[in-house]
Amino acid sequence: MRLTVLGGGGFRVPLVYRALLADRGKGRVTHVTLHDLDASRISAIQRVLRELAEGVPDAPEVHATTDLTEAVCGADFIFSAIRIGGLEGRAIDERVALDEGVPGQETVGAGGIAYGLRTVPAARELAQRIAEAAPEAWVINFTNPAGMVTEAMSHFLGDRVIGICDSPIALGRRAAGALGVDPATVWLDYAGLNHLGWLRGLRVKGRDVLPDLLRDDDALGSFEEGRLFGVDWLRTLGCIPNEYLHYYYFTREAVAAARAARQTRGSVLIEQQRRFYTHTGGSALATWESVRLEREATYMAENREASGIGERAPGDLESGGYEQVALALMRAIALDERTTLVLNVRGHGAIGCLDPGAVVEVPCFVDANGARPISVDPLPGHALGLVSAVKEVEQAVIEAAATGSRAAALRAFAIHPLVDSVAVAGRLLDRYERALPQLGYLRGRN
Ligand code: G6P
Ligand code: MN
């Protein structure tokens, strides 16, 4: 099986390759093509892959290219993990929002809109090229903001593009672990949009054990989301939100903590990753692993700071999330190994208030036909309200990217529940346009 990774010089590519090396099953990936615009980033990653493959018999062959058509032709699966504007762009997304006093995470609030406005035009272009050059390939989108980008690509690729995120499965794993239940045996009743979903049930052999968890102070206090949101709020909600909902439920605290920090997440990652990409001599794998651990240890540091919950649990520093979801998805499709996974796909009515083409994050039934959303119980009213509002924002960004309409871009900022004034929305767009050359395509002064 042939796998192509777009954004092949990206920092997390070794995670994927390590998962491929561990896969000894039939129909496994034998050829990996890395595509990136920056050949030096691919070389740095290839050094890590070579070390990972040492001593592994029949390790997947790795081939690198900067030619997109060559990269996608003949691929069975294409992972899209690109970062338009690099981490420098991310740092601007975050800083501009924080300067206006609103959240600016790379997928949430104003930062997510800016990142989307930069990324969706490129994602559309990629999807078009893939539809022409590799119409049989399955595309697995990792690129954030993952829900919005997957929906934009689905306009060209239909249900052959599937978005993935590890946060629902990581939440399920932690919640099950807190009750001493084997995560492999639970059914996750999880629904929403990417980074905007809720775990409403945790079923073990048909019995929902989430109410047991919500009753148990010690169990709730033993894992990340339990500590982040606090026992009282979780009991009030009656479910467990995705960690990114911290920006919605504790907006002031999250903004204050991010503003108090010396650097934004993007600029922290620039420094961390510079150590890896400029590294010479010695083991590239060892440098990569130490930078990766540092990234994991500092993940969502300001949100944890805002909630006063201290360090991450050691088990959360081990990856195994997102590359495992990707591998499971790929195997299920390629080998018709039927399974269910929480994925980002067109909802086709799974969440009632949204149009059928809107991409949602819900449990899906996966087999050789792809991923089909499973219809889920309705979301509670306030969750439905947030989901509809944020979906409108995502669709306004996609419209702006497709038409160049500056008015649509402004609407995206103005209607976002985390942007508290239309005047702020106007200033955000002005500032992002000045700071980000990739937004030069927006036309019209409203
Ligand atoms: C989680 C999120 C991803 C995100 C990743 C890294 O896995 O679900 O969407 O890309 O964390 O976040 P970071 O802040 O380290 O870039
Ligand atoms: Mn994610």
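**View 1. Helix 1 is a mostly covered helix.**
Start with helix 1, residues 13-22, where eight of the ten residues are buried. Keep in mind as you look around that this is a predicted model. The buried set in helix 1 is made up of Val13, Pro14, Leu15, Val16, Tyr17, Ala19, Leu20 and Leu21. A bit of helix background helps with lists like this: an α-helix has 3.6 residues a turn, so residues three or four places apart point the same way.

**View 2. Phe11 and Phe276 make an aromatic pair.**
The whole structure holds eight aromatic pairs, and here's one of them. The ring centres of Phe11 and Phe276 are 5.6 Å apart with the planes at 80°, so this counts as an edge-to-face pair. Where do the two partners sit? Phe11 is in the loop between strand 1 (2-6) and helix 1, while Phe276 is in helix 14 (residues 265-277), so the pair ties together parts that are 265 residues apart in sequence. Are they buried or exposed? Phe11 is buried because its relative accessibility is 5%, under the 20% cut-off. Phe276 is buried too, with a relative accessibility of 2%.

**View 3. Phe142 and Tyr322 make another edge-to-face pair.**
With ring centres 4.8 Å apart and planes at 85°, Phe142 and Tyr322 are edge-to-face. This pair also links distant parts of the chain, 180 residues apart: Phe142 comes from the loop between strand 5 (138-141) and helix 6 (146-157), and Tyr322 from helix 17 (residues 322-335). Phe142 is buried at a relative accessible area of 7%, and Tyr322 is buried at 10%.

**View 4. A cluster of rings, and two arginines over ring faces.**
Back to Phe11 and Phe276: ring pairs link them with Tyr277 and Trp288 into a cluster. Tyr277 has company on its face as well, since Arg41 lies over it at 4.3 Å from the ring centre. Elsewhere, Arg160 does something similar with Trp138, lying over the face of that ring at 4.2 Å from its centre.

**View 5. Cys165 and His195 hold the manganese ion.**
Which protein atoms act as donors to the manganese ion (ligand 2)? They are SG of Cys165 and NE2 of His195, lying 2.3 to 2.4 Å from the ion. Cys165 is in the loop between strand 6 and helix 7, and His195 is in the loop between strand 7 (186-193) and strand 8 (196-204), so the pair ties together parts that are 30 residues apart in sequence. Both Cys165 and His195 are buried; for Cys165 the relative accessibility is 7%. Another cysteine to compare is Cys73, which is partly exposed at 41%. How many disulfides turn up in the whole structure? A search finds zero.

**View 6. Asp166 and Tyr244 are listed as "active site".**
The "active site" label for Asp166 and Tyr244 comes from an unreviewed UniProt entry. The two are spread over 79 residues of sequence, yet they cluster in space, with a largest C-alpha distance of 12.2 Å. Asp166 is in the loop between strand 6 (161-163) and helix 7 (167-178), and is partly exposed with a relative accessible area of 30%. Beyond its close sequence neighbours (up to four places away), Asp166 touches Gly321 and Tyr322, so you may recognise Tyr322 from the edge-to-face pair with Phe142. Tyr244 lies in the loop between strand 10 (240-241) and helix 12 (246-249) and is buried at 6%. Leaving out residues up to four places away in sequence, Tyr244 touches Gln105, Thr107, Val108, His195, Tyr299 and Met300.

**View 7. Arg90, Asn144 and Arg275 are listed as "binding site".**
This label also comes from an unreviewed UniProt entry. The three residues are spread over 186 residues of sequence and are spread in space too, up to 23.4 Å between C-alpha atoms. Arg90 sits in helix 4 (residues 86-99) and is buried at 5%. Not counting neighbours within four places in sequence, Arg90's contacts include Arg83, Gln105, Glu106 and Arg118. Asn144 is in the loop between strand 5 and helix 6 and counts as buried at 14%. Outside its own stretch of four places either way, Asn144 is in contact with several residues, among them Glu106, Thr107, Asn194 and His195.

Notes:
Residues numbered from 1 in each chain as written. Chains lettered and ligands numbered in written order. Predicted model: local features only at pLDDT ≥ 70, side-chain atom pairs only at ≥ 80, totals over all residues. Heavy atoms only, no water. Disulfide = S-S within 2.5 Å. Buried < 20%, exposed > 50% of the residue type's maximum accessible area, 1.4 Å probe, protein only. UniProt positions renumbered as here; feature names shortened; annotations may be inferred. Helix = DSSP H or I, 4+ residues; strand = E, 2+ residues; numbered from the N terminus. Contact = heavy atoms within 4.5 Å. Donors = N, O, S within 2.8 Å, 3.2 Å for Na, K, Ca; no water. Phe/Tyr/Trp six-rings, centres within 6.5 Å; stacked < 30°, edge-to-face > 60°. Lys NZ or Arg CZ within 6 Å of the ring centre and 35° of its normal.
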